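Visitor: Can you walk me through this one? I'd like to start with the inside and work outwards.

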Amino acid sequence: MLAHNAPMRRLARWVLLTFVLSCVLLSVMLFLLQRWIATDDFRDRVQAQASEALGREVRLGALAVDVWPLPGVALNRVEIVTRPVIRIERIEVRPVLAALWSGRLELSTLLVLGADLSQPAFDDLAQAWRARKLPAGPGSGSGQRQGAASDSAAGMGVTAILLPQRIVLDSATWRGNSGVATMFNADARLNLQGLPEDLRVTLLAGPLQGTRLGLHRQADDWNVDVEIAGGTIKGKLQMPRAPGPAPALELNGQLETRNVELGVLLRAQQRESEGAAADGRTAMSGRLQASTNFKAHARDWGGLLDALQSQSRVVVHHAVVHGIDLAQAVRSAGLSRGGQTRLDTLTGLVDTRGRTIDLRNLAASSGALSATGNVTISPERQLQGRVDVQLGAKMVGKAIGVPLQVEGTLDKPQLRLTRAAMAGAAIGTLIMPGVGTGVGATLGEKIGESLKGLLGK
């Protein structure tokens with residue numbers, strides 16, 4: 001029995017000794033690697049290569065090799081010298097261990113901590129990238145070599161290998177063109193094409209604080225689930241392959257909006273466009289319900305918003321239109337300014353073309369007041385359109401109404417009579433003070449339209 005156990009004890013001692021020596025060897029290698037990576041020479045080389053790749057100077061505070069909780073390389077105090085500067089407290093890159101043991105480099109996780117990002121900085125970086133990608137001209141040897149290198153890299157699958165399987169942004173800050181800051185967390189799991197299989201975003205601070213976005217891929221569709229402004233937006237997003245050899249982005253989808261507070265959305269949009277100048281007043285408030293179809297076709301992500309087109313059927317319950325008192329505007333023939341209008345319901349069609357918004361077939365009602373109209377909102381938030389407002393008083397079986405021209409801005413709308421209605425209102429006021437104003441405005445508008453048809457103008 002003792003003779004039988006002796007070989008087992010010797011084998012156990014050899015296994016233990018091998019394990020200890022392996023741990024010591026690994027520790028020595030990690031120590032030497034840490035010392036090498038921490039040198040100024042290595043940091044300068046990484047800075048130079050990163051600067052060449054991005055087209056903008058890159059500065060690194062320190063580099064380190066982490067062992068716990070997972071092995072990886074960390075870059076501290078990263079700066080990309082765009083206008084303005086992109087600053088990141090820490091970037092951690094963690095490899096796939098199984099691939100690493102097999103001698104292959106595959107990235108598991110990219111963790112970004114404390115990033116300070118902005119739209120102007122990304123625009124500047126994109127400009128530098130496009131300039132870097134421009135061909136050097138016909139017959140250029142360097143351009144041909146770069147193209148060959150790119151083709152070779154693509155053939156070897158370098159892009160797929162170096163693309164992380166997961167990207168995590170912790171306490172990142174985004175600033176739009178107006179400078180308004182939004183802090184958020186994001187966690188994305190990517191496929192080999194770089195598209196999200198699963199995405200979770202939470203807004204920690206900013207105009208839409210508390211908003212949660214979820215995106216989950218099923219087959220060729222992504223399920224969208226957003227909690228925002230007290231309501232929800234749910235639907236599907238598709239990304240079909242764009243036709244043609246040139247790389248492009250194509251998106252389309254359908255969304256259902258339920259019980260979203262419209263005033264919160266408009267206030268956030270105002271802050272984004274005006275920054276510190278925003279006064280917090282909104283054009284409208286109420287609970288928004290909408291069914292939306294959208295599509296976009298662009299060359300890159302930067303042009304996606306300008307290429308977006310959408311059509312929505314909209315209902316706003318308990319709507320309040322701020323800055324306009326429609327009833328008083330009727331009584332004063334469009335001379336009234338300010339105030340507000342409370343509506344039981346507001347319905348209509350909303351079409352967007354990039355940053356331009358068309359409100360069509362608007363229909364509003366509240367007690368004795370009703371209104372219909374069409375309004376266009378320009379990218380500069382300018383208003384242009386017309387509403388026909390009617391009050392419940394009757395004359396010859398018809399409601400008294402006034403056609404009003406919509407002008408001004410989204411935050412400071414203005415109403416005025418059309419020229420034909422203004423002439424009719426003046427005549428009606430002389431003949432029948434009070435009620436004659438509205439009747440005259442309506443008749444004046446109809447006469448004006450008839451004259452236009454008669455004269456061809």
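**Cores, contacts and charges**

Guide: Sure. The largest nonpolar core has 41 residues, and those with the most contacts inside it are Ile86, Ile88, Phe184 and Leu237. Keep in mind that this is a predicted model.

Visitor: What does Phe184 touch, leaving out residues up to four places away in sequence?

Guide: Its contacts include Leu169, Asp170, Ser171, Ala172, Thr173 and Trp174, and also Val201, Thr202, Leu203 and Leu204.

Visitor: And what lies apart from that largest core?

Guide: Another core, of 30 residues, with Leu343, Val375, Ile377 and Leu383 among them.

Visitor: Okay, aromatics. How many aromatic pairs are there?

Guide: The count is one aromatic pair. Phe122 and Trp174 meet edge-to-face, 5.5 Å centre to centre with 70 degrees between the planes.

Visitor: Where do the two partners of that pair sit in the chain?

Guide: Phe122 is in helix H4 (residues 119-133) and Trp174 in strand E6 (residues 166-175), 52 residues apart, and the pair links these distant parts of the chain.

Visitor: Buried or exposed, or somewhere in between, for Phe122 and Trp174?

Guide: In between. Phe122 is partly exposed at 37% relative accessible area, and Trp174 is partly exposed too, at 28%.

Visitor: Switching to helices. How far does H2 reach from its first C-alpha to its last?

Guide: H2 covers residues 40-54, 15 residues in total, and reaches 21 Å, close to the 21 Å expected at 1.5 Å a residue.

Visitor: Which residues in H2 are buried?

Guide: Phe42, Gln47 and Ser51 are. Looking down the axis of H2, the buried residues fall within an arc of 165 degrees, so they line one face of the helix.

Visitor: What does the face of H2 turned away from the buried side carry?

Guide: The exposed residues Asp41, Gln49 and Glu52.

Visitor: And what follows H2?

Guide: Gly55, with a positive phi near 80 degrees.

Visitor: Now charges. How many salt bridges are there?

Guide: The count comes to 17 salt bridges. One of them joins Glu92 and Arg94, with the closest N and O atoms 2.8 Å apart.

Visitor: Are Glu92 and Arg94 buried or exposed?

Guide: Glu92 is buried, with 11% relative accessibility. Arg94 counts as buried because its relative accessible area is 19% and the cut-off is under 20%.

Visitor: What about Asp187, which residue does it form a salt bridge with?

Guide: Arg166, and the closest N and O atoms are 2.6 Å apart. Asp187 lies in strand E7 (residues 181-190) and Arg166 in strand E6, so the pair ties together parts 21 residues apart in sequence. Asp187 is partly exposed at 23% relative accessibility, and Arg166 is partly exposed at 27%.

Visitor: Which residues are linked in a network of salt bridges?

Guide: Glu57, Arg59, Glu79 and Arg87. Within that group, the side chains of Arg59 and Glu57 meet at 3.4 Å, N to O.

Visitor: Last topic, two polar residues. Where is Thr257?

Guide: Thr257 sits in strand E12 (residues 249-261). Thr257 is buried, at 8% relative accessible area, and leaving aside neighbours within four places in sequence, is in contact with Thr232, Ile233, Leu288, Gln289 and Ala290.

Visitor: And Gln384, what strand does it lie in?

Guide: Strand E18 (residues 383-395). Gln384 is partly exposed, at 45% relative accessibility. Gln405 is 21 residues apart from Gln384 in sequence and 7.7 Å apart in space, C-alpha to C-alpha.

Note on methods. Residues are numbered from 1 along each chain as its sequence is written. Side-chain values use heavy atoms; hydrogens and water are left out. Rings of Phe, Tyr and Trp (its six-membered ring) pair if their centres lie within 6.5 Å; planes under 30 degrees apart count as stacked, over 60 as edge-to-face and the rest as tilted. Helices (H or I, at least four residues) and strands (E, at least two) are DSSP runs, numbered from the N terminus. Buried means under 20% relative accessible area, exposed over 50%, partly exposed in between (1.4 Å probe, protein chains only). A nonpolar core is a set of buried Ala, Val, Leu, Ile, Met, Phe, Trp, Tyr and Cys residues joined through side-chain atoms within 4.5 Å. Contact means heavy atoms within 4.5 Å. The expected span of a helix is 1.5 Å times one less than its number of residues. The arc is that of the directions from the helix axis to the C-beta atoms. A salt bridge is a side-chain nitrogen of Lys or Arg within 4 Å of a carboxyl oxygen of Asp or Glu.
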